[in-house]
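Here are my notes on the model, as numbered points. Please read them with the structure open beside you.

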Amino acid sequence: MSEFSNESVLAIENTLNEVDRALERLRVGNYRLCQVCAAPIADAELVLNPLLANCPAHPELS
Ligand SMILES: [Zn+2]
């Protein structure tokens, strides 16, 4: 398998993991809350990125 293919698989797995986490947040009811500080995430941000897990103050952990 080429390096490009490995990177593609990793990117797909990362996206699937993000989807899993977003679905879990929807299930437990904290989908719209930052996972670090529990601040509400703006609807406009979630429209742009439905998998967003953190507020703008904590982008590195999303
Ligand atoms: Zn935050």
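In which loop does Ala38 lie? The answer is in point 1, and the remaining points work outward from there.

1. Ala38 sits in the loop that runs between α1 and α2, the latter covering residues 43–48. Bear in mind that this is a predicted model. The phi of Ala38 is near 65°, which is a positive value in a residue other than glycine. Ala38 is also exposed, because the count of other C-beta atoms within 10 Å is 9, and a residue with 12 or fewer is classed that way.

2. Cys37 belongs to the loop between α1 and α2 as well. Cys37 counts as exposed, with 10 C-beta neighbours inside 10 Å. Even so, if its neighbours within four places in sequence are left aside, Cys37 is in contact with Cys55, Ala57 and His58. For one of these partners the C-alpha distance can be given: Cys37 and Ala57 are 9.0 Å apart in space and 20 residues apart in sequence.

3. Pro56 is placed in the segment after α2. Its C-alpha atom is 9.8 Å from that of Ala39, with the two positions 17 residues apart in sequence. Is Pro56 buried or exposed? Pro56 counts as exposed because it has 12 C-beta neighbours inside 10 Å, and the exposed class takes in counts of 12 or fewer.

4. Helix α1 covers residues 3–28. Its length can be checked: at 1.5 Å a residue, the 26 residues of α1 should span 38 Å, and the end C-alpha atoms are 38 Å apart, so the two agree. Just after α1 comes Gly29, with a positive phi of about 95°.

5. How many buried residues are there among the 26 residues of α1? The count is zero, and the helix is hardly covered. Two of its residues serve as examples. Phe4, found in α1, is exposed, with 8 other C-beta atoms within 10 Å. Ala11, also a residue of α1, is exposed with 10 other C-beta atoms within 10 Å.

6. Distances from these two helix residues to later parts of the chain are as follows. The C-alpha atoms of Phe4 and His58 are separated by 30 Å, the two residues being 54 apart along the chain. Between Ala11 and Ala38 the C-alpha separation is 27 Å, for residues 27 apart along the chain. His58 has already appeared as a contact of Cys37, and Ala38 as a residue of the loop between α1 and α2.

7. For the chain overall, the secondary structure comes to two helices and zero strands. The radius of gyration is 14 Å, well over the 11 Å that the globule rule gives for 62 residues, so the chain is more spread out than a compact globule. Along the principal axes, the C-alpha atoms fill a box of roughly 40 × 25 × 20 Å.

8. What percentage of the 62 residues in the chain is buried? Buried residues make up 3%. As for contacts with a separation of 6 or more, 25% of them are accounted for by residues 24 or more positions apart.

How values were computed:
Residues are numbered from 1 along each chain as its sequence is written. This is a predicted model: local features need pLDDT of at least 70, side-chain atom pairs count only at pLDDT 80 or more; totals for chains, interfaces and linings use all residues. Helices (H or I, at least four residues) and strands (E, at least two) are DSSP runs, numbered from the N terminus. A residue is buried if 20 or more other C-beta atoms lie within 10 Å of its own, exposed if 12 or fewer, and partly exposed in between; C-beta atoms are placed from the backbone. The expected span of a helix is 1.5 Å times one less than its number of residues. The radius of gyration is taken over C-alpha atoms; the globule rule is 2.2 Å times the number of residues to the power 0.38. Two residues are in contact if their C-beta atoms, placed from the backbone, lie within 7 Å.
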